[in-house]
Amino acid sequence: MVGWDVPGWEEGGAAPADELHPVPAPSATAAMPATSHTRAHDGMPIDMALSFSRTAVEYSNVSRPQRANAGAPVAHMDAMVLNESGPIERAPLRREEWPDPQPGPGEVRLRVECCGVCRTDLHVIEGDLPQHKRPIIPGHQIVGLVDRLGDGCRRLRVGQRVGVAWLRHTCGVCPFCRAGRENLCEQSLYTGYDADGGYAQYAVGPEEFVYEIPAGFEAVQAAPLLCAGLIGYRALRRSNLRPGGRLALYGFGSSAHIVLQIALQRGCDVYVVSRAPQHVELARALGARWAGTDAADMPVRADSAIIFAPAGELIPPALEHLEKGGTLALAGIHMSPTPPLDYTRHLFYEREIRSVTANTREDARELLAEAAQIPIRAHVVRYGLADANQALLDLKADRISGTAVLDVT
Ligand SMILES: [Zn+2]
Ligand SMILES: [Zn+2]
């Protein structure tokens, strides 16, 4: 399973979504085709506080293979490519020039505008996940403009802004798929893992798994929704939060800062526990009723709670601060061991614990519609495409407040 190399549980706050991806069965690889505004919440500082740019660092590890042939001209793109897993400190992604990908039947090609950076990318790159495609272009929060349609595409049109997320194939026939629970499909395939992703100028995705980005959404604002937002959205659903209820969030990173905005819009009060003072500050700025570093200080019991941090030791205090009949959702794919629970203190009075696994396409469509309506405003840290190694290094070191996004334009 996923190796977890995060030193403190709060680090998970920067990457809640990332830890939620199910690991596909190794056999799934063989089945892969070759081709492959801004309105702040009350009291929240507007975007100038929410976005800043990093200057590009010098390109290192530049690799320029020979062009494929001297005959027919082949268009080439820049991509950040993983040939061999290794610690991100060694900058394992190399900038290479690859032929532009061509969409196969039922696939669309995007001219990538930006791609969100996720902790799962880090797990793919550092080899924590079983190795699938190599070489691979990582990235699964891709936003771009459709520039080419493969045979049989009917829904999308050239020029449309769309998004590609982690889930890119499900079987459609297994009991889970047929029950509307495709997030549990055992034949699922993933972007940036089984097929090339969005750390590049062009990307291809199956039309059935490509989402229309609602009008008015800036590309860099939409990207974090495609993984961080999606996992948070599903976790929120699993937490049974009712309109006007009280929600507690443990860990406050990419997913949680999006979930908070949805919960506020639904008239809920949000309480945030985070070890990182800068995350506590962001939670307050975004409108949390209360935010602090110690759950013991939380002033109320919550009706619903979500643990984003991969720390099993948070389960008992989260249950203790849950109201009778309340629900605790665990949003991680990985969690450190859970301490023993006391039946009376932690579980009695119909308190429930539920896990969360990836998302369905329906979740994605619902989230995008609701996000546009609110509108959700992600706290984005921008990097250039060539700075992908640096972005991942900063993510690993918990230096990112909100979500890192590679700006490919
Ligand atoms: Zn992700
Ligand atoms: Zn299935």
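Let me start at one residue, N240, which is found in the loop between α4 (228–238) and β12. The phi of N240 is near 65°, a positive value in a residue other than glycine, and with 16 C-beta neighbours inside 10 Å this residue counts as partly exposed. I should say at once that what we are looking at is a predicted model, and that every value I quote is computed from it.

A second residue belongs beside that one. Y349, in the loop between α8 and β17, also has a positive phi, of about 70°, although it is not a glycine. Y349 is exposed, because the count of other C-beta atoms within 10 Å of its own is 11, and a residue with 12 or fewer is classed that way.

Now to the overall picture. The secondary structure of the chain comes to 10 helices and 19 strands, and buried residues make up 51% of the 409 residues.

The loop holding N240 leads into β12, and β12 belongs to an open sheet of six strands, in the order β14-β13-β12-β15-β16-β17, with parallel pairing. The edges are taken by β14 (290–292) and β17 (352–355), each of which has a single partner strand, so that one side of each is left without a neighbour in the sheet. On average, and ignoring direction, neighbouring strands in this sheet are turned by 15° against each other.

Within the sheet, β12, residues 246–250, is joined to β15, residues 302–307, by four bridges, the two strands running parallel, and the bridge partner of L249 in β15 is I306. With β13, β12 also runs parallel, and here there are five bridges, with A248 standing opposite Y271 in β13. As for β13 itself, four of its five residues are buried, which leaves the strand mostly covered.

What lies across β13 and β14? That is helix α6, residues 277–286, which runs at about 175° to β14. The buried residues of α6 are H279, L282, A283 and L286, and seen down the helix axis they fall within an arc of 100°, so they line one face of the helix. Those residues pack against α5, β13 and β14. Just after α6 comes G287, with a positive phi of about 115°.

From the sheet we can move to the core. The largest nonpolar core has 117 residues, and those with the most contacts inside it are L249, I307 and L406. Helix α5, residues 254–265, provides the largest share of this core, seven residues. Domain 1 (9–229 + 359–407) and domain 2 (230–355) both give residues to the core, so it lies between them. To take I307 as an example, and leaving aside residues up to four places away in sequence, its contacts include Y250, G251, L314 and I315, and also A318, L328, L330 and A331.

Let me turn to two helices that pack against each other. Of the eight residues of helix α1, residues 119–126, eight are buried, so this helix is largely enclosed by the rest of the structure. Those buried residues include charged ones by name, if you look at the list: R119, D121 and E126 are among them. They pack against β3 (76–82), β4 (93–99) and α10 (388–396). After α1 comes G127, whose phi is positive, near 85°.

In α10, the buried residues are A388, N389, A391, L392, L395 and K396. Seen down the axis, they fall within an arc of 160°, so they line one face of the helix. What covers them includes β3, β4, α1, β18 (380–384) and β19 (403–407). α10 is followed by D398, with a positive phi near 60°.

Two peptide bonds deserve a look before I finish. The bond from R134 to P135 is cis, with omega near -10°, and P135 lies in the loop between α1 and β6 (142–149). The bond from I374 to P375 is cis as well, with omega near -20°, and P375 lies in the loop between α9 (361–373) and β18.

Last, a loop residue, L341, which is found between β16 (322–330) and α8 (343–347). Is L341 exposed or partly exposed? With 13 other C-beta atoms within 10 Å, it is partly exposed. Not counting residues up to four places away in sequence, L341 touches P316, H346 and L347.

Terms used: Residues are numbered from 1 along each chain as its sequence is written. Chains are lettered from A and ligands numbered from 1 in the order in which they are written. This is a predicted model: local features need pLDDT of at least 70, side-chain atom pairs count only at pLDDT 80 or more; totals for chains, interfaces and linings use all residues. Two strands pair if DSSP finds at least two bridges between them. Axes are lines fitted to C-alpha atoms, for helices over the stretch in contact, and angles run from 0 to 180 degrees between N-to-C directions. Two residues are in contact if their C-beta atoms, placed from the backbone, lie within 7 Å. A residue is buried if 20 or more other C-beta atoms lie within 10 Å of its own, exposed if 12 or fewer, and partly exposed in between; C-beta atoms are placed from the backbone. A nonpolar core is a set of buried Ala, Val, Leu, Ile, Met, Phe, Trp, Tyr and Cys residues joined through C-beta atoms within 7 Å. Domain bounds come from an automatic or database domain assignment. The arc is that of the directions from the helix axis to the C-beta atoms.
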